[in-house]
Amino acid sequence: MRYLQQQRIRPNDRIELDALDAIAVLVDRGIGVSLVPDRVLPWPGGLSIVRHRLPDPAPERVLGLLWSQAPAHARLIQAVEREAILTLGGAEATNSAGP
């Protein structure tokens, strides 16, 4: 919301959704426009939507990895963490709980 205020944009919210695919479908159907996080995954097929980058200073989204400290799946979690760092970039976890 801070970004919108900085850009002097006053949205007229009608619907609030968290599901990005559902938002994309509504935009495709002409229900409106939406600011959504940029994503690597493809949008659902058959949609006629266009992605535009926001002008700077565009907000950034910080992601983290959360897991139980129970050791049952420690090796799998470490593998997921390594792949996430390789795929998404960024620094290694600062609170890594593994051997």
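The lining of the largest pocket is where I would like to begin, and it takes in 44 residues, of which Leu20, Ser34, Leu35, Val36 and Pro37 lie nearest the pocket's centre. Please keep in mind throughout that what we are looking at is a predicted model, and that the volume of this largest pocket, about 2400 Å³, is a value computed from it. If we sort the lining by class, we find 27 nonpolar residues, together with 12 charged and 5 polar ones. Which helix gives the most to that lining? It is α2, with 5 residues, although α1, which covers 2-6, and α3 also take part, since each of the three helices supplies at least two residues.

Let me step back to the chain as a whole. There are 3 helices and 0 strands in the protein chain, and read from the N terminus the order of elements is α-α-α. Of the 99 residues in the chain, 7% are buried. As for contacts, if we take those with a separation of 6 or more, 24% of them are between residues 24 or more positions apart.

I turn now to the loop between α2, residues 20-28, and α3, residues 74-88, where Gly32 is found. Is Gly32 buried, exposed or partly exposed? Its relative accessible area is 34%, and because that value falls between the 20% and 50% cut-offs, Gly32 is described as partly exposed. Once its neighbours within four places in sequence are set aside, Gly32 is in contact with Leu26 and Val27. The C-alpha atom of Gly32 is also 10.0 Å from that of Asn12, a residue 20 positions away along the chain.

Val33 is found in the loop between α2 and α3 as well, and here the relative accessibility is 82%, so Val33 counts as exposed. Measuring nothing at the bench, but simply reading the model, we have a C-alpha to C-alpha separation of 9.8 Å between Val33 and Ile49, which are 16 residues apart in sequence.

Pro57, too, lies in the loop between α2 and α3, and the peptide bond joining Asp56 to Pro57 is cis, with omega at about 5°. A second backbone detail is at Arg8, in the loop between α1 and α2, where phi is near 60°, a positive value in a residue other than glycine. Why do I point these two out? Because most peptide bonds are trans, and most residues other than glycine have a negative phi. Arg8 has a relative accessibility of 79%, which means that Arg8 counts as exposed.

For a buried example, we can go to helix α3, in which Glu81 lies. Glu81 has a relative accessibility of 13%, and so, with the cut-off for buried set at under 20%, Glu81 counts as buried. From Glu81 to Leu66, 15 residues away in sequence, the C-alpha to C-alpha separation is 9.7 Å.

Finally, the rings. How many aromatic pairs are there? The count comes to 0. There is, however, a charge over a ring to report, with Arg39 lying over the face of Trp43 at 4.0 Å from the ring centre.

To close, I would return to the pocket, with its volume of about 2400 Å³ and a lining in which 27 residues are nonpolar, and to the loop between α2 and α3, where the partly exposed Gly32 and the exposed Val33 can both be found in the model in front of you.

Conventions. Residues numbered from 1 in each chain as written. Predicted model: local features only at pLDDT ≥ 70, side-chain atom pairs only at ≥ 80, totals over all residues. Heavy atoms only, no water. Phe/Tyr/Trp six-rings, centres within 6.5 Å; stacked < 30°, edge-to-face > 60°. Lys NZ or Arg CZ within 6 Å of the ring centre and 35° of its normal. Helix = DSSP H or I, 4+ residues; strand = E, 2+ residues; numbered from the N terminus. Buried < 20%, exposed > 50% of the residue type's maximum accessible area, 1.4 Å probe, protein only. Contact = heavy atoms within 4.5 Å. 1 Å grid on protein atoms, 1.4 Å probe; cavity = no way out; pocket = protein on both sides within 12 Å on 5 of 7 lines; lining within 4 Å. Points joined across faces, edges and corners; volume = space filled by probe spheres on them. Nonpolar A, V, L, I, M, F, W, Y, C, P; charged D, E, K, R; others polar.
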